[in-house]
Amino acid sequence: QNQALEKANIVLWKAFEDVSSPILRHLIEVCIVSLVCQCPKLIESHLLPRLTAASRRASLHCSVVLVVGWVLRKCGREGLPEGVFNRALKLLFPNLTSNHGHVRVVAQYFYHLLHERSTSASPTAEDDMHTYIVEYNDIAKLRKKQKGYFEKFDPLQRCTVQGVLADYDPN
């Protein structure tokens, strides 16, 4: 049984890397969020290394940023191994200014949602970037446009049969 699970795990991560169909990519993203939320150690072994590999095609990198953001949001600091939440946020940081608009928008949304200002007297670069994301009008407008989708979408609910079929239109 363990061999079968390990084989399925390998196939899932390979599909995550290789699939370019938006519909299949979406289903794989949802599946990975659910899997990592159930086994948080996978964020260290499978997601964080992918987050540092920015030379990937933009759609894959956006998927990695999206999945990491959802996992951080769903698990929180308490649900992840010690220090992983902060390390993942630090790895999201360079994506806040990505040349790829969709990567940048997703990273900014989750960074805005998850970053907590440091309590030190002098703000860090992360604090300064968070302030910029909060106060810059164009970013705030974009975040407001995206908020409805992100607030309504629950990847863990999408891993159910009802969730997969929720947006299905047979016509």
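Pro 94 sits in the loop between H5 and H6, and with a relative accessibility of 54% this proline counts as exposed, since the cut-off for that class is over 50%. Its C-alpha atom lies 9.2 Å from that of Arg 104, a residue ten positions away in sequence. All of this is read from a predicted model, so please keep that in mind as we walk through the chain.

**The chain as a whole**

Let's step back for a moment. The chain contains nine helices and zero strands, so the order of elements from the N terminus reads α-α-α-α-α-α-α-α-α. Of its 171 residues, 40% are buried. Among the contacts with a separation of 6 or more, 60% join residues that are 24 or more positions apart.

**Helix H5 and its buried face**

Just before the loop of Pro 94 comes helix H5, which spans residues 84–92. Which residues of H5 are buried? They are Val 84, Phe 85, Ala 88, Leu 89 and Leu 92. Looking down the axis of H5, you would find these buried residues within an arc of 135°, so they line one face of the helix. As for their partners, the buried residues of H5 pack against helix H3 (42–52), helix H4 (58–75) and H6.

**Ser 63 in helix H4**

One of those partners, helix H4, is home to Ser 63. This serine is buried, because its relative accessible area of 2% is under the 20% cut-off. The side chain of Ser 63 makes a polar contact with the side chain of Glu 29, at 2.4 Å. Setting aside neighbours within four places in sequence, Ser 63 touches Phe 16, Arg 25 and Glu 29.

**How H6, H7 and H8 cross**

Two packed helices are described by the angle between their axes and the distance between the axes. Here is that description for two pairs, together with their residue classes.

| Helix pair | Axes come within | Crossing angle, roughly | Residues in the contact, by class |
|---|---|---|---|
| H6 (residues 101–114) and H7 (residues 125–135) | 10 Å | 110° | three nonpolar, three polar, one charged |
| H7 and H8 (residues 137–152) | 5 Å | 70° | five nonpolar, one polar, two charged |

The crossing of H6 and H7 at roughly 110° makes H6 roughly perpendicular to H7. On the H6 side of this contact are Gln 108, Tyr 111 and His 112, and they meet Glu 126, His 130, Ile 133 and Val 134 in H7.

For the next pair, the axes cross at roughly 70°, and that makes H7 roughly perpendicular to H8. Tyr 132, Ile 133, Val 134 and Glu 135 represent H7 here, meeting Asn 137, Ile 139, Ala 140 and Arg 143 in H8. Ile 133 and Val 134 of H7 are worth finding in the structure: they meet residues of H6, and they also meet residues of H8.

**Gln 108, a glutamine in H6**

Gln 108 belongs to helix H6. Is Gln 108 buried or exposed? With a relative accessible area of 8%, it is buried, because that value is under 20%. The side chain of Gln 108 reaches the backbone oxygen of Leu 96 at a distance of 2.8 Å. Leaving out neighbours within four places in sequence, the contacts of Gln 108 are Leu 96, Ile 133 and Ile 139. Two of these names have come up already: Ile 133 lies in H7 and Ile 139 in H8.

**Lys 144 and Asp 154**

Helix H8 also holds Lys 144. At 68% relative accessibility, this lysine counts as exposed. Its C-alpha atom is 9.4 Å from that of Tyr 109, although the two residues are 35 apart in sequence.

Further along, where does Asp 154 lie? It is in the loop between H8 and helix H9 (161–165). Asp 154 is partly exposed, with a relative accessible area of 28%. Along the chain, Asp 154 and Trp 70 are 84 residues apart, while their C-alpha atoms are separated by 8.9 Å.

Notes: Residues are numbered from 1 along each chain as its sequence is written. This is a predicted model: local features need pLDDT of at least 70, side-chain atom pairs count only at pLDDT 80 or more; totals for chains, interfaces and linings use all residues. Side-chain values use heavy atoms; hydrogens and water are left out. Axes are lines fitted to C-alpha atoms, for helices over the stretch in contact, and angles run from 0 to 180 degrees between N-to-C directions. Helices (H or I, at least four residues) and strands (E, at least two) are DSSP runs, numbered from the N terminus. Angles under 35 degrees count as roughly parallel, over 145 as roughly antiparallel, 65 to 115 as roughly perpendicular and the rest as oblique. Contact means heavy atoms within 4.5 Å. Ala, Val, Leu, Ile, Met, Phe, Trp, Tyr, Cys and Pro count as nonpolar, Asp, Glu, Lys and Arg as charged, and the others, Gly among them, as polar. Buried means under 20% relative accessible area, exposed over 50%, partly exposed in between (1.4 Å probe, protein chains only). The arc is that of the directions from the helix axis to the C-beta atoms. A polar contact is a pair of N or O atoms within 3.5 Å; within protein, one must be able to donate a hydrogen and the other to accept it, and residues adjacent in sequence count only if both atoms are side-chain atoms.
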